[in-house]
Structures are given as C-alpha cells and as structure tokens.
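Visitor: I am new to this structure and would like to learn how its features get their names. Could you show it to me, and then let me ask about the terms one by one?

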Amino acid sequence: MSDMLRSMCKAFSLDAGETEALTIVEKHQDSIFFTDDASARLVADRMGFRVHGTIGIIVRRKDYMQPNRVIQVLSDIPSKSSLHIKLSLLEEIIMEIKKKFHL
C-alpha cells in the first residue's frame, strides 16, 4: 500500500475491509472499486481509482436488462432496500434513463 493511500484511509477512518479492498484496487489499476460508503468512495476518487456504488451498478445493467426494468429496480430502492439516497437524485437518474430511451 502506498503511503498516500495509507494516509487517506487513516484520515477518513476507513475500516480494515475497505482499506484492504482499496489496496487491491491500487495494485490492479484496471479494476473498479464498488462501495456505497461515502468516505471510501471519496478516497478512491481522490486516488484516481474507478469507483461505483449501487446506483452505478444498476444503471450500467441497462445493457443486460430492459430500461423499464432498470427504472423499476431504481424506483423500488426506497421501499425495498436500506440504501440511503436522496429521492431527488433518484428521480433525476430515472428521468435521465427515460429521456435517453424515449420512455
């Protein structure tokens, strides 16, 4: 682990699992770091790593799921998951998908 990554993990109080995952991403620069932890995402972003959370994973599934199904999954998040996301942001993402696919 680089000194910079070590310092950032400590500064943002990341737990051992997040720190280890970021260490692996640092060694494998072509990988993607998946997390919904805001602090871990910030560290990954500042380190120049590719990082995505749950919403990014779902949205990118549109290549495998019909856009209407992606919209339904996103719409179900507030009632069927413990993921914390602003409703306004979720609505904005859904509107962008609808706009892109003329739905």
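Visitor: What makes aspartate 76 count as buried or exposed?
Guide: In this predicted model, where local features need pLDDT of at least 70, side-chain atom pairs count only at pLDDT 80 or more, and totals for chains, interfaces and linings use all residues, the answer comes from the relative accessible area, for which buried means under 20%, exposed over 50%, and partly exposed in between, with a 1.4 Å probe and protein chains only. Aspartate 76 has 18% relative accessibility and therefore counts as buried. Residues are numbered from 1 along each chain as its sequence is written, and side-chain values use heavy atoms, with hydrogens and water left out.

Visitor: What makes the meeting of lysine 80 and aspartate 76 a salt bridge?
Guide: The term asks for a side-chain nitrogen of Lys or Arg within 4 Å of a carboxyl oxygen of Asp or Glu, and the side chains of lysine 80 and aspartate 76 meet at 3.6 Å, N to O, so the pair fits the definition. Lysine 80 is exposed, at a relative accessible area of 64%, whereas aspartate 76 is the buried partner. They are four residues apart in helix 5 (residues 67-80), which means that about one helical turn separates them; helices here are DSSP runs of H or I with at least four residues, strands are runs of E with at least two, and both are numbered from the N terminus.

Visitor: How many salt bridges does the structure hold?
Guide: It holds two, and the side chains of aspartate 3 and arginine 6 also meet in one, at 3.3 Å, N to O. Aspartate 3 and arginine 6 are three residues apart in helix 1 (residues 3-11), so they too are separated by about one helical turn. Aspartate 3, with 59% relative accessibility, counts as exposed, while arginine 6, with 43%, counts as partly exposed.

Visitor: How do you know that the buried residues of helix 3 line one face of the helix?
Guide: The buried residues in helix 3 are Ala40, Val43 and Ala44. Seen down the helix axis, they fall within an arc of 100°, so they line one face; the arc is that of the directions from the helix axis to the C-beta atoms. The face turned away from this buried side carries the exposed residues Ala38, Asp45 and Arg46. The buried residues pack against helix 1, helix 2, strand 1 (32-34) and strand 2 (50-52), where contact means heavy atoms within 4.5 Å.

Visitor: What is notable about the phi of serine 13?
Guide: Most residues other than glycine have a negative phi. Serine 13, however, has a positive phi near 55°, and its place is in the loop between helix 1 and helix 2 (16-27). At 65% relative accessibility, serine 13 counts as exposed. Histidine 102, in the segment after helix 6, likewise has a positive phi near 55°, and with a relative accessible area of 74% it is exposed.

Visitor: Which residues of the lining of the largest pocket count as nonpolar, polar or charged, and in what numbers?
Guide: Ala, Val, Leu, Ile, Met, Phe, Trp, Tyr, Cys and Pro count as nonpolar, Asp, Glu, Lys and Arg as charged, and the others, Gly among them, as polar. By that rule the lining divides into six nonpolar, five polar and three charged residues.
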